[in-house]
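Me: I'd like to learn how to read a few features of a model. Can you walk me through them?

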Amino acid sequence: MILDGWIAQRLGVSALTRGALLEWQRRTLREIVARASAASPFYARHLIGVDPSEPGTLPFMDLRPLAEDPLALLCVPQGAVARAATLETSGTRGSRKRLFFSDEDLEDTKSFFAAGMAHVPGSRTLIAMGGERPGSVGALLGEALGRIGRVGFAEGPVSDPSAVLGRIAALNADSLVGVPAEMLALARTPGAGLVGPLRSVLLSGDAASRPLVAAVEAAFGCPVFRHYGMAETGYGAAVECARREGMHIREADLLVEVVDGEGRGLDDGEWGEIVVTTLTRRALPLIRYRTGDEGRILPGPCRCGSVLRRLEVRGRLDDRLTLPTGTVRLGELDEALHALPWLLGFDAAAGRGPGGVLLRLTLYSVSSSELERGREAESAVLGIPAVRDAWRGGTLRLECAIHRRPDGLRPGKKRILPLEKFPSAPNGSCGTSWTASGETFWSFHLLKRSGER
Ligand SMILES: [Zn+2]
């Protein structure tokens with residue numbers, strides 16, 4: 001069982017039960033609604049006349065108030081803010097959202113990290129997450145590992161996989177924490193097999209496809225654990241136990257709901273938008289916050305015996321292509337392309353083109369190779385039914401190029417980018433300044449309709 005003992009301690013009960021947890025959630029929800037309404041000008045307006053004993057009737061919120069006037073959400077004096085986080089919003093507006101944490105908020109996160117990591121094997125962990133500033137996710141995790149007698153090495157995002165492999169060996173690290181796309185690049189960089197076997201890899205910060213998990217496990221000879229969290233959830237939200245069948249939610253601090261497009265609650269097992277309420281946050285609580293992430297609560301209890309519900313996440317709701325033949329999630333491109341054994345990573349850009357949608361894919365490979373890889377890439381992309389049907393029907397144009405490994409990878413969360421951010425290079429391949437050093441050895445434009453090839 002993971003986290004149950006830690007949560008029982010926080011609730012002041014000897015053994016955690018579902019009943020005790022629900023009672024705690026009801027009480028802390030009433031408290032946070034009362035406190036937020038009294039302390040924050042935004043919530044005073046937003047929560048006017050609500051009944052906190054009926055959680056399903058509370059109004060939703062999204063990231064807009066965090067971008068427009070974040071100080072209006074603050075529930076403590078500004079002097080009590082220990083960390084302010086400024087984040088790019090994932091929408092196309094290009095605005096930034098701000099979040100504030102008190103010392104107690106950061107302490108809660110460290111406490112969660114320490115409890116969650118106690119079940120993830122390893123004693124010397126390379127942390128490939130942003131950790132340069134105090135209170136950042138990497139710094140909090142490093143402190144948490146110290147509390148359970150482990151050593152965390154702050155590495156930061158991976159831009160040069162070979163150099164990171166060198167540091168894993170030099171530090172004698174036996175475990176890794178990092179973003180899925182960056183861990184895939186690491187796993188498929190020559191020499192990855194020489195640093196293992198490791199004891200664990202924890203993936204965080206983005207959804208991870210099945211072939212990606214399998215590739216990381218194979219390269220490092222160890223189990224992969226998934227973690228879900230974002231700044232809004234105090235960085236930590238849910239983590240897998242040893243069974244690795246869904247991420248157990250930090251339910252003393254977070255009330256998690258899954259809702260449909262109309263805001264109606266969905267049954268366990270149904271995919272929808274993840275909505276979170278931060279039950280114990282002091283500085284800037286969020287109440288029924290629509291995360292924009294797609295997920296579901298897994299039905300039934302985990303075989304580990306925990307009473308904590310399990311979450312499965314499959315990426316951003318707006319990260320999808322709408323085609324006349326259906327929608328294609330970025331996660332579907334991940335599933336199809338990560339299965340290519342030579343793929344380090346890829347970029348996808350899409351937008352309106354002449355006669356329909358243009359999807360532009362740039363694939364990164366370990367080394368230049370024969371034409372065969374282009375054929376493999378083509379059949380992987382066209383293996384997605386909605387893509388194949390739209391392409392055959394002439395409503396989707398596909399551009400694809402394969403680059404030999406560029407000098408640097410673009411770190412962080414994967415997105416489907418707007419076309420203008422990823423222009424087609426004059427030679428017909430795709431590229432931006434950071435891939436300019438990569439050698440394009442194969443490129444195709446799937447411009448023809450079925451029957452013309
Ligand atoms: Zn479990």
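Reply: We'll take the metal site, then a helix, then the cavities. This is a predicted model, where local features need pLDDT of at least 70, side-chain atom pairs count only at pLDDT 80 or more, and totals for chains, interfaces and linings use all residues. Residues are numbered from 1 along each chain as its sequence is written, and side-chain values use heavy atoms, with hydrogens and water left out.

Me: Which residues coordinate the zinc ion?

Reply: Donors are N, O and S atoms within 2.8 Å of the metal (3.2 Å for Na, K and Ca). Here they are Cys-241 (SG), His-248 (NE2), Cys-302 (SG) and Cys-304 (SG), at 2.1 to 2.3 Å. Their spacing in sequence is C-x6-H-x53-C-x1-C.

Me: What geometry does the site of the zinc ion have?

Reply: Ideal angles for four tetrahedral donors are 109.5 degrees. Four donors count as tetrahedral if all angles lie between 85 and 135 degrees. The zinc site has angles of 103 to 114° among its 4 donor atoms, so it's tetrahedral.

Me: How many residues of α5 are buried?

Reply: Buried means under 20% relative accessible area (1.4 Å probe, protein chains only). In α5, 11 of 15 residues qualify, including Phe-112 and Phe-113. Cys-302 and Cys-304, from the zinc site, are buried too.

Me: How many cavities are there of 30 Å³ or more?

Reply: A cavity is a set of points on a 1 Å grid over the protein atoms alone where a 1.4 Å probe fits but cannot get out. The search finds 3 of 30 Å³ or more, and the largest holds about 160 Å³.

Definitions and conventions. 1 Å grid on protein atoms, 1.4 Å probe; cavity = no way out; pocket = protein on both sides within 12 Å on 5 of 7 lines; lining within 4 Å. Points joined across faces, edges and corners; volume = space filled by probe spheres on them. Buried < 20%, exposed > 50% of the residue type's maximum accessible area, 1.4 Å probe, protein only. Helix = DSSP H or I, 4+ residues; strand = E, 2+ residues; numbered from the N terminus. Tetrahedral: all angles 85-135°; square planar, octahedral: opposite > 155°, others 65-115°.
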